[in-house]
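Welcome! Take a look at the model below, and then let's walk through it together with a few questions and answers.

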Amino acid sequence: MNKVILMGRLTRDPEIRYSQGEQSTAVARYTLAVDRRFVRNNGADQQTADFISCVAFGRSAEFAEKYFRKGLKIVVTGRIQTGSYTNRDGQKVYTTDVVVEDQEFAESKNASSGSDNFGGGFAPVDRPSPSAAGDGFMNIPDGIDEELPFN
């Protein structure tokens, strides 16, 4: 099975191109900075990042072009694909990309705005606070049984 799930921040705005031919397809390329934690010999918790190349096609590429910007935190699901080509100097270059199958936002728009740093903290997401009963469960108002998706 070849399945990858990544969460990270975009290092720059996605680069969009369109394929040649009768039915041109959008192709978006972007790089994710994904945190990697490790412990040094002295016991101090260090943090660095891996920079992972991603490629999205079709509607996913158009979505990336419209909504993704540098510094935005996203979650990507896809598969790893390797390849190679010969550059202008005649040298063989090997590539590794994540082919995006699904992509989504990992934080609210308010949390990502104004933050160009990759190690920035989370801003709280605005959510209404449910009124909790004394037993730790949320109180459900009377009369909404018809609106529930299950019985």
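Q: Which residues of α1 are buried?
A: This is a predicted model, so local features are read only where pLDDT is at least 70. A residue counts as buried when its relative accessible area is under 20%. In α1, the residues that meet this are Gly58, Ala61 and Ala64.

Q: Within what arc do the buried residues of α1 fall, seen down its axis?
A: Picture looking down the axis of α1 toward its buried residues, Gly58, Ala61 and Ala64. They line one face of the helix, because they fall within an arc of 125°.

Q: Which exposed residues does α1 carry on the face turned away from its buried side?
A: Exposed means a relative accessible area over 50%. On the face of α1 turned away from the buried side, the exposed residues are Arg59 and Lys66.

Q: How many aromatic pairs does a search of the whole structure find, and is the pair of Phe63 and Tyr67 stacked, edge-to-face or tilted?
A: The search of the whole structure finds 6 aromatic pairs. For Phe63 and Tyr67, the ring centres are 4.8 Å apart and the planes stand at 45°. Planes under 30 degrees apart would count as stacked and over 60 as edge-to-face, so this pair is tilted.

Q: About how many helical turns separate Phe63 and Tyr67?
A: An α-helix has 3.6 residues a turn, so residues three or four places apart point the same way. Phe63 and Tyr67 are 4 residues apart in helix α1, which covers residues 58-67. Their separation is therefore about one helical turn.

Q: Is Phe63 buried, partly exposed or exposed?
A: The relative accessible area of Phe63 is 29%. Partly exposed lies between the 20% and 50% cut-offs, so Phe63 is partly exposed.

Q: What kind of aromatic pair do Phe63 and Phe68 form?
A: Their rings lie 5.6 Å apart, centre to centre. With 85° between the planes, the pair is edge-to-face.

Q: Is Phe68 buried or exposed?
A: The relative accessible area of Phe68 is 0%. Buried means under 20%, so Phe68 is buried.

Q: Which residues do ring pairs link into a cluster?
A: Phe63 pairs with Phe68 and also with Tyr67. Ring pairs link these three with two further names, giving a cluster of Tyr30, Phe63, Tyr67, Phe68 and Phe105.

Q: Which element gives the largest share of the largest nonpolar core?
A: This core has 18 residues, and those with the most contacts inside it include Tyr30, Phe68 and Val76. The elements giving two or more residues are β1, β3, β4, α1, β5 and β6. The largest share, 5 residues, comes from β3.

Q: What pattern does the protein follow along its sequence?
A: The secondary structure comes to 2 helices and 6 strands. Read along the sequence, their pattern is β-β-β-β-α-β-β-α.

Q: Where is confidence highest, and over which residues does pLDDT stay under 50?
A: The mean pLDDT of the protein is 82. Among the elements, confidence is lowest in helix α2, at a mean of 70, and highest in strand β1, at 97. As for where pLDDT stays under 50, that is over residues 115-132.

Conventions:
Residues numbered from 1 in each chain as written. Predicted model: local features only at pLDDT ≥ 70, side-chain atom pairs only at ≥ 80, totals over all residues. Heavy atoms only, no water. Phe/Tyr/Trp six-rings, centres within 6.5 Å; stacked < 30°, edge-to-face > 60°. Buried < 20%, exposed > 50% of the residue type's maximum accessible area, 1.4 Å probe, protein only. pLDDT = per-residue confidence, 0-100. Contact = heavy atoms within 4.5 Å. Core = buried A, V, L, I, M, F, W, Y, C linked by side-chain atoms within 4.5 Å. Arc of directions from axis to C-beta.
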